[in-house]
Amino acid sequence: MKGVHVIGATHGGESKAYTSHWLSQVSFEEPIVMASVSPKHDTFGLIEASGRFTVSLLAGDQISEGQYFSYPGHKFKYVADEYVEMIDGLPYVPNSIAYLTCTVFDRMTMEDHELFFARVDAVREGRLKQPPLLYSSRHGWRIAGGKAREPGVSIRDQLLQRVDDEAGDAT
């Protein structure tokens with residue numbers, strides 16, 4: 001189960017975007033993300049040439065946008081212009097949770113994909129309180145939501161108490 005993003009790029013007056021769930025944050029300090037992109041995808045050449053890409057983090061109610069930019073989305077022949085807005089010449093999906101602008105500084109070739117490592121240059125807030133859209137090849141589209149623990153219960157505090165209890169038993 002992975003978060004769903006739309007990765008976009010522009011170069012030479014051409015803009016393309018595709019749905020991805022292969023984007024990861026790999027560093028807190030700078031921050032840095034890693035995008036896995038197939039060289040067969042039409043966005044690949046634009047990222048390679050421009051050295052930049054955008055990320056739109058999709059909300060749970062954006063399944064249409066996720067499907068539109070997915071691999072079979074090329075069948076839609078770019079008929080849904082409302083799913084793209086250009087900001088400073090770069091493509092984004094309107095009404096997303098948040099938006100990132102990234103600059104590539106390194107890359108690594110894998111067997112069938114290229115990993116682009118990029119610094120996040122700009123972040124723009126969208127609908128931050130919305131639950132994210134998720135995708136699983138086994139379970140399909142999902143919406144994240146609900147708390148994983150009871151309110152007022154701190155698993156960390158419980159574990160620290162166990163450490164303290166074990167230390168007390170050892171003396």
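**Overall form, helix packing and charge pairs of the predicted model**

Asn-95 lies in the loop that runs between E8 and E9. The structure described here is a predicted model. Asn-95 has a positive phi, near 65 degrees, although the residue is not a glycine. For comparison, most residues other than glycine have a negative phi. Asn-95 is classed as exposed because its relative accessibility is 52%, and the threshold for that class is over 50%.

A second residue of this kind is Asp-88, which is not a glycine and has a positive phi of about 50 degrees. Asp-88 belongs to the loop between strand E7 (85-87) and strand E8 (90-92). With a relative accessibility of 75%, Asp-88 is also counted as exposed. A positive phi is found again at Gly-51, which follows H1 and has a value near 75 degrees. The backbone further contains a cis peptide bond between Glu-30 and Pro-31, with omega about -25 degrees. Most peptide bonds, by contrast, are trans. Pro-31 is placed in the loop between strand E4 (23-27) and E5.

At the level of the whole chain, the protein contains twelve strands and three helices. The C-alpha trace spans about 70 × 35 × 30 Å along the principal axes. The radius of gyration is 19 Å, whereas a compact globule of 171 residues would have a value near 16 Å. Buried residues make up 38% of the 171 residues. The exposed surface of the protein is about 10800 Å², of which carbon and sulfur atoms supply 52%. Of the contacts between residues at least 6 apart in sequence, 61% join residues at least 24 apart.

Helix H1 (residues 42-50) has four buried residues, namely Thr-43, Phe-44, Leu-46 and Ile-47. In an α-helix there are 3.6 residues a turn, so residues three or four places apart point the same way. The cover over the buried residues of H1 comes from several strands, including strand E2 (5-11), strand E3 (14-20), strand E5 (32-37) and strand E6 (52-57). E9 and E10 also contribute to this cover.

Eight salt bridges are present in the structure. One of them joins the side chains of Asp-42 and Lys-16, with an N to O distance of 3.9 Å. This pair connects distant parts of the chain, since Asp-42 is in helix H1 and Lys-16 in strand E3, 26 residues apart. The two partners differ in burial class: Asp-42 is partly exposed at 39% relative accessibility, while Lys-16 is buried at 17%. Asp-42 and Lys-16 are also linked with Glu-14 in a network of salt bridges.

Another salt bridge is formed by Asp-61 and Arg-127, whose closest N and O atoms are 2.8 Å apart. Asp-61 is located in the loop between E6 and H2, and Arg-127 in the loop between E10 and strand E11 (133-136), so this salt bridge ties together parts 66 residues apart in sequence. Arg-127 is partly exposed, with a relative accessibility of 25%. A further salt bridge connects Asp-157 and Arg-156 at 3.6 Å, N to O. Asp-157 is partly exposed at 44% relative accessibility, and Arg-156 is exposed at 59%.

Glu-65, in helix H2 (residues 63-68), is buried but has no salt bridge. The nearest side chain of opposite charge is that of Arg-127, at 6.7 Å. This distance does not meet the salt-bridge criterion because that requires the side-chain nitrogen to be within 4 Å of a carboxyl oxygen. With neighbours within four places in sequence left aside, Glu-65 is in contact with Thr-19, Leu-58, Tyr-83 and Val-93.

Glu-111 provides an exposed counterpart, with a relative accessible area of 87%. Glu-111 is part of the loop between strand E9 (98-109) and strand E10 (114-125). The C-alpha atom of Glu-111 is 9.8 Å from that of Ser-38, a residue 73 places away along the chain. Over the whole protein there are 23 negative and 17 positive side chains, and the centres of these two sets are 6 Å apart.

Definitions and conventions:
Residues are numbered from 1 along each chain as its sequence is written. This is a predicted model: local features need pLDDT of at least 70, side-chain atom pairs count only at pLDDT 80 or more; totals for chains, interfaces and linings use all residues. Side-chain values use heavy atoms; hydrogens and water are left out. Helices (H or I, at least four residues) and strands (E, at least two) are DSSP runs, numbered from the N terminus. The radius of gyration is taken over C-alpha atoms; the globule rule is 2.2 Å times the number of residues to the power 0.38. Buried means under 20% relative accessible area, exposed over 50%, partly exposed in between (1.4 Å probe, protein chains only). Contact means heavy atoms within 4.5 Å. Accessible areas come from the Shrake-Rupley method with a 1.4 Å probe; for residues, only the protein chains shown count as cover. Lys and Arg count as positive and Asp and Glu as negative; His and the chain ends are not counted. The place of a charge is taken as NZ of Lys, CZ of Arg, CG of Asp or CD of Glu.
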